[in-house]
Amino acid sequence: MMARRTFAGLMAVVVIGHAWAADIEDLKIGGGDIAVDFDSPPAPPLRKLVLDWVTTSAKAVTIYYQKFPVSNVHIHILFFDGRGVHSGFTSGWNGPSIRIVVGIRNSATDFAADWMMTHEMVHLAFPSVAETHHWIEEGSATYVEPIARARAGDLTPERIWGDLVDGLPKGLPAAGDRGLDFTPTWGRTYWGGALFCLQADIDIRKRTGNRKGLEDALRAVLAAGGTIEAEWPLTKTLQIGDDATGVPVLTELYEKMKGSPSPVDLEALWKELGVERKKGQIQFNDSAPLARIRRAITSPKSASVR
């Protein structure tokens, strides 16, 4: 079955309502038609908060990819009695769709703090690959989501790099690791995949004089039809990305990391990028060797999204 599943933040909830498509709102963003299906009609204030949340996420993804990833998607909103966003599931089977569970007591602050909707929308922009490569699906969504939100002006660079400093150690190889294709732990799947993406982004920028980055590779994959509805070999996906950047970074990095641990000295990497944590706060050293690359990855981009 052609589908992608994400279970970040999954927990037991009591869902309110059962009938699909009980209430629908249509949004048009970045060239995509987004049908928001409410499993049960929400109160007007909550409806507005949900629609604003979906719109904000869609605009961030549109800025990163320069278009909304698919021409149409159904987003199924289920409610539970509480606060937060507890699960997400994205599929390309029988048309792109996202299923996500939302607390009826959520405030605007709760939605602003959420990352899951943007994460799920990023999944729309990558083809389904073999299960052994699930790390690239989850890793790319983990990496791109905060960067897309930063470029839309929704997150600060300090927040993004701080989260990477905290999160990426979870993706480092542990004892017995056999490489990304053969070690399907949670940490290696999500954060190991994100570490692959960060290294690829940096290496592409190094080898192109900071003229291109990972987004150029991912946009090319999307332009070639590599959406969640497509089933592709990973090698094809990486080659399309390499052709777009003009450097074989993705293919070479995959050969290096797919079947061996390939540890990364993160402390040295942060120093090169000019990312420092002092007294609990992230600070930047703009004289660091890769400071320009760091800024290029997360700097907000001016863009008009319709």
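Let's begin at Ser140, which counts as buried because its relative accessibility is 4% (buried means under 20% relative accessible area, exposed over 50%, partly exposed in between, with a 1.4 Å probe and protein chains only). Before you click further, note that this is a predicted model, in which local features need pLDDT of at least 70 and side-chain atom pairs count only at pLDDT 80 or more, while totals for chains, interfaces and linings use all residues. Residues are numbered from 1 along each chain as its sequence is written, and side-chain values use heavy atoms, with hydrogens and water left out.

**Stop 1: around Ser140**

Ser140 sits in helix α4, residues 134-151. Helices (H or I, at least four residues) and strands (E, at least two) are DSSP runs, numbered from the N terminus. Now show the surroundings of Ser140: leaving aside neighbours within four places in sequence, Ser140 is in contact with Val122, Phe126, Trp135 and Cys197, where contact means heavy atoms within 4.5 Å. For a longer line across the model, pick Ser97 as well; the C-alpha atoms of Ser140 and Ser97 are separated by 18 Å, and the two residues are 43 apart along the chain.

**Stop 2: helix α3**

Select residues 116-123. Helix α3 is largely enclosed by the rest of the structure, because 8 of its 8 residues are buried. You can step through Met116, Met117, Thr118, His119, Glu120, Met121, Val122 and His123, the buried residues in question. What covers them? The cover of the buried residues of α3 includes α1 (44-65), β4 (72-80), β5, β6 (97-103), α4 and α6.

**Stop 3: strand β5 and its loop**

Move to strand β5, residues 85-91, and pick Thr90 there. Is Thr90 buried or exposed? Thr90 counts as buried, at 0% relative accessibility. Its side chain is joined to that of Glu120 by a polar contact of 2.3 Å. A polar contact is a pair of N or O atoms within 3.5 Å; within protein, one must be able to donate a hydrogen and the other to accept it, and residues adjacent in sequence count only if both atoms are side-chain atoms.

Phe89 is in strand β5 too, and with a relative accessible area of 28% it is partly exposed. Draw a distance from Phe89 to Glu120: their C-alpha atoms are separated by 7.2 Å, with these positions 31 residues apart along the chain counted as their spacing.

Follow the chain into the loop between β5 and β6, where Asn94 is placed. Asn94 counts as exposed, at 75% relative accessibility. Check its backbone: phi of Asn94 is near 60°, a positive value in a residue other than glycine.

**Stop 4: another positive phi**

Jump to Asn210, in the loop between α6 and α7 (214-223). Asn210 is not a glycine, yet it has a positive phi of about 65°. At 16% relative accessibility, Asn210 counts as buried.

**Stop 5: helix pairs**

Two packed helices are described by the angle between their axes and the distance between the axes. Axes here are lines fitted to C-alpha atoms, for helices over the stretch in contact, and angles run from 0 to 180 degrees between N-to-C directions.

Select α6 (residues 186-207) with α10 (residues 266-273): they pack at an angle of about 40°, with their axes 13 Å apart. That makes α6 oblique to α10; angles under 35 degrees count as roughly parallel, over 145 as roughly antiparallel, 65 to 115 as roughly perpendicular and the rest as oblique. Show Leu195, Leu198 and Ile202 in α6, which meet Leu266, Leu269, Trp270 and Leu273 in α10. By class, this contact of α6 with α10 has 7 nonpolar, no polar and no charged residues. Ala, Val, Leu, Ile, Met, Phe, Trp, Tyr, Cys and Pro count as nonpolar, Asp, Glu, Lys and Arg as charged, and the others, Gly among them, as polar.

Keep α6 and add α11: their axes come within 10 Å and cross at roughly 120°. Here Leu198, Asp201, Ile202, Arg205 and Lys206 in α6 meet Ile293, Ala296 and Ile297 in α11. The contact of α6 with α11 divides into 5 nonpolar, no polar and 3 charged residues.

Finish with α5 (residues 157-167) against α11 (residues 291-298), packed at about 105° with axes 10 Å apart. That makes α5 roughly perpendicular to α11. Pro157, Ile160 and Trp161 in α5 meet Arg294, Ile297 and Thr298 in α11.
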